[in-house]
Every structure is written in C-alpha cells, then in structure tokens.
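Me: I should like a close look at a single part of this predicted model. Please describe one strand, its cover and its partners in a connected account.

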Amino acid sequence: MSPGSAGHGLHDRYPSAGRYGVVHRYEMLRVGGRSVAWVPPLLLLTAITVADYNTTGEFRIISWIVLVPGIAAALCGVWATAVFAVLAVAAYVTVDNAWPHQFQTGLPDFILVTVGGVLATLACAVRVRDERRALHMRDVTDTVRRTVLRPLPPGWGGLEHAGVYLTADTQARVGGDFYDIQPGPHGTRVLVGDVQGKGLGAVETAAVLLGTFREAGYHEPDLKVVAERLEIRMGRHRDYVRALGRDDGDRFATAVLLGFPADRTDVVDAVVFGHEPPLAVGPDGVRLLPAGTGLPLGYRDLAPGPTRVRRLPLAAGETLLLVTDGVTEARDGDGRFYRLRDDVTRAVAVDPRVVAPARLVAVVRDGTLRHSGGLLADDTTVFAVRRTRPDRGEGREGGRSGS
C-alpha cells in the first residue's frame, strides 16, 4: 500500500488547475456528469413570474426577480449569470407591462433589476477569478508537496510501507514533517523527521535534508556517514539562512534514520536525532526500539562526538512504526497526551493483522484524531515499514532507477 492510501494521507488526489481545466463551485451541482447549476435560478425566475401573475392590486413581487442573477452568480459561470441577468430584465419588462390598467412597479424597479443583474455578473466574475487563483495555488502547493515528499512505489526497496501526513492547517496542505525511503547498493535507508517551526522555511529545510538523504543514502556504505552528511547539510543550510538575514537561522530538525542492510534480514541499524524512537510492532506485542537518542540536527556543536549507530534485532514480520510529535503530543479535552504505545498494543491484541503497515497507520491516524477530537495542534505524520523480502538485488536495481 502506498503512502497515504490508508486514507486522509499525503498522496490523496485533488482536482488541479492548468491544462486539466479549472474546477468551479457550480460543478458540484451535477447530475449524470452534467452541470445542473442553472436549474435553481431558472426555477426561481419561473416561480417569481407565476407568483406575480397571481397577485393583484399594489402587491407586486416581480421586482424580486433581481434575486435570480444573484443566485446564478453564486452557482453558475460568468456567461450563465449574464444570461440570467438579461432574462430577469426581459421577464420584468414583459410581466410589468402585461396588464397596463393595473398597478405597475415602473422605472425604479426596472433600474433595480438592471443594476442588480450587472452587479451579479461582476460579482460572479470576481468569484470565478478567485476560484481560479485558489485552485492554481492549490496546484502549486500539491506540486511542492509531491516534490518534497515524493510518492513511494509499492514495495520500494524491499519494504512494505504506508504513511499518512496531516497538516495542522487544513488549508496549507504541506508543512515541515518529512519521510522517504532510499534503496541503494548498500541496503535500504529510511528517514522520518520533523523540522522545527512552520511555513515555507520549514518546507525548505525539509527539502534540503531529503535531498541530502537521497544522495548519501544511496552512495554511502556506512549509515554513520549518511547521518554525518545530514548534520553537515543542516549546518550549511542554517549558515545560508543567516547570511540571507532571515530570522529562522536557528531552525533545527528531529529525525530517525534507519538502515536495512543488504546482507542481513534480521537486524536494523538506527540513528535517532532527538526524535521519538520507533516502535517495533509484531503479532506478539509492541516494544520500544532501544535506538538511543541524540541531539536534533543542527545542534552538533553542543556535543561534537562521533555519531552512534545502533544495530538492533528485528524479528521477521515486525513493523517499525515512526511518528512525529503531532501524534505523541496530541491532547484530549482534559489536556492528556495520546498514549500511542498502549493504543497500538490494544489494537494488536484484538487483531494481529494490525501489524501490516497500512492497517497500523490507519489505527494510529484514527486514534490520534479521536483522542484530539480532530483538532491537531501540530503537523502529524505516521509512517510504517517492514521488510517484504531480502533486498540485496532489489535495492541495487531500485536505487538505479530512483532519484
């Protein structure tokens, strides 16, 4: 199962602008694939005309026909709104003059209907322009998202994987959490992390770290060197940001770097940069992977010693679960943190099939949203991987074909 396919994930598909066409609000009113957005204003036009025919005396409602182009402006396109504006004026003139010996609303309401139609058409033009702009920005955001967090093929690098990424800002759709899998001749490497802060600066930092990981993760035989390359790149990026005079030059990132050796299937190598350690989830239960901890990326100068890589046993069928602090720091209405390990343990006890990455990610996602009442205080990433088979040959082949 690919990342995001567990639902509400990173790689859900959205309509996009550009050469694929612009999606407007009125396209929601469709029957059999055809737009029926014109039906409500047409029904209103007909209803007002018929109702006015059945009124007598000085009570005339034909001037209410000014509502027709207003409704069309909210549902239809510009040209359809303009047509309804013309129809409203024509219907008004026809009905108001149909009975010359009765009371007529006259010129003032004619001006009202005419001006209302013009204003409705202009308002529709503004609405459509803003929708085009919003859809264009969403398309740009989706492109950035796919560039930073690329879609991962099923079984990439000999790993079954699934991931969900939820932004705290539902409109932003992209943030500072990141993850990736990089196959190579020396095994498959996995990186999951969280850049401190929000906004485009956090996305930029995530892209910098992922670019370094993809290159070093493929070429370097020693996972320790990959970790050091990440630290060096983080330092260089911070120097660059400071040189630009930006105020986010002290940004850091927490991360977990995993290595699945090409010559071993019963171990995993791990480096933790101030991040929540992974959970190893198997049919027999859930255990915290004793991967140790180090300082976040960007704080190497506080502890300049060598990077420590831990080689840990990994049972066949065990899934490694990695999350960002959007999960571990999710709170309920009483301020209590989400107890991830307990929740996963209960789920596995009820159904051992939960250890499959796709099911596991779905359980954690639903548990986090349920615990927080759907109100996420931070970007939230849930990522799970487990070996499908020895990846000696597949990692080399996949690395050559990958970026």
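Reply: A convenient place to begin is a single pair of residues: V256 stands opposite V272, and V272 lies in β7. The model is a predicted one, and the description below follows β7 outward from this pair.

The strand that faces β7 here is β6, which spans residues 253–261. The two strands run antiparallel and are joined by 4 bridges. Their connection is a hairpin, in which 5 residues lead from β6 to β7.

β7 itself covers residues 267–273. With regard to cover, 7 of its 7 residues are buried, so that the strand is described as mostly covered; the cut-off for buried is under 20% relative accessible area. This cover applies to both faces of β7. On one side lie V267, D269, V271 and F273, and on the other V268, A270 and V272, all of them buried. V272, the residue opposite V256, thus belongs to the face that also holds V268 and A270.

β7 has a further pairing, with strand β10, which is made up of residues 310–313. This pairing is again in the antiparallel sense and extends over 4 bridges. Within it, D269 has R311 of β10 as its bridge partner. D269 is buried, on the face of β7 that also carries V267, V271 and F273.

In summary, β7 pairs with β10 in the antiparallel sense and is joined to β6, also antiparallel, while both of its faces are covered.

Technical notes. Residues numbered from 1 in each chain as written. Predicted model: local features only at pLDDT ≥ 70, side-chain atom pairs only at ≥ 80, totals over all residues. Heavy atoms only, no water. Buried < 20%, exposed > 50% of the residue type's maximum accessible area, 1.4 Å probe, protein only. Pairing = 2+ DSSP bridges.
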